[in-house]
Amino acid sequence: MSCLDKSKETVMNTCKITVNKTNKIAQRAKLKMRINEYKNKIEDIYNSIGKKVYEKHIREEDINIEEYLENECEKIDKLSKEIENAIEHILILKDMKKCPECFSEIMIQYNFCPNCGKKQYNAKPREEKIIEKLEDEDIDSTNEKEAQIIEEEKEN
Ligand SMILES: [Zn+2]
C-alpha cells in the first residue's frame, strides 16, 4: 500500500467515526424529543381525567367513570414505560448505563458499579437494535427544534 493510499484510508476512517458520532447525537436528540412528546401526552391525560371527575361532580348524575379512569391510567403507565425506555436508550448512546442497584450513571464497560460495587451485566448487545430502529425513521434535520438540541448536545 502506498503512502498516499494509507493517508486516504485514515481520512476515510476519521470521516466514518465523525458521521457515526453525529448520528448518535441526532438519535439522542430524537429520543429527547420523543420523551417530551410522551410527557405532553401524559399531561393531556391528567387534564382529561380532571375534567371527567369534575363533570361527574357537577352533573350529580350517577355516571360510572371507573372504567374510563382505569383506561386512562393504563395509558399513563404505558407512556411512563416508554419514557423509561427512551432514557435508557439515551444512556446507551452515550456509552453509559444505569446501575440497577443505586441508579448511578456509569460507563457501559464497567463490570462493577464504582458507587455501590454491584456487579453489572453488559447492556451492549441492545445498542445495535436501538440504532437500527432509529435509523428506520428518518431524522429530519430541517426541524429547527431538533437542530437546536443537536447543537446543544455537540457542546456537551
Ligand atoms: Zn451502583
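**Exercise 1.** Determine which residues Ile-90 touches, leaving out residues up to four places away in sequence.

*Solution.* The model is predicted: local features need pLDDT of at least 70, side-chain atom pairs count only at pLDDT 80 or more, and totals for chains, interfaces and linings use all residues. Numbering starts from 1 along each chain as its sequence is written. Two residues are in contact if their C-beta atoms, placed from the backbone, lie within 7 Å. By this criterion, Ile-90 touches Arg-28, Leu-31 and Lys-32.

**Exercise 2.** Identify the largest nonpolar core and the helix that supplies its largest share.

*Solution.* A residue is buried if 20 or more other C-beta atoms lie within 10 Å of its own, exposed if 12 or fewer, and partly exposed in between. A nonpolar core joins buried Ala, Val, Leu, Ile, Met, Phe, Trp, Tyr and Cys residues through C-beta atoms within 7 Å. The largest such core has 5 residues: Leu-31, Ala-86, Ile-90, Ile-92 and Leu-93. Helix α2 (residues 66–93) contributes 4 residues, the largest share. Helices are DSSP runs (H or I, at least four residues), numbered from the N terminus. Among the buried residues of α2 is also His-89.

**Exercise 3.** Classify Asn-23 as buried, partly exposed or exposed, and locate it relative to Leu-93.

*Solution.* Asn-23 belongs to helix α1 (residues 3–59). Asn-23 is partly exposed because 15 other C-beta atoms lie within 10 Å. The C-alpha atoms of Asn-23 and Leu-93 are 9.8 Å apart, although 70 residues separate the two along the chain.

**Exercise 4.** State which elements have the highest and lowest mean pLDDT.

*Solution.* pLDDT is the predictor's confidence in each residue, from 0 to 100. Helix α2 has the highest mean, 95, and helix α3 (residues 125–136) the lowest, 56.

Technical notes: Helix = DSSP H or I, 4+ residues; strand = E, 2+ residues; numbered from the N terminus.
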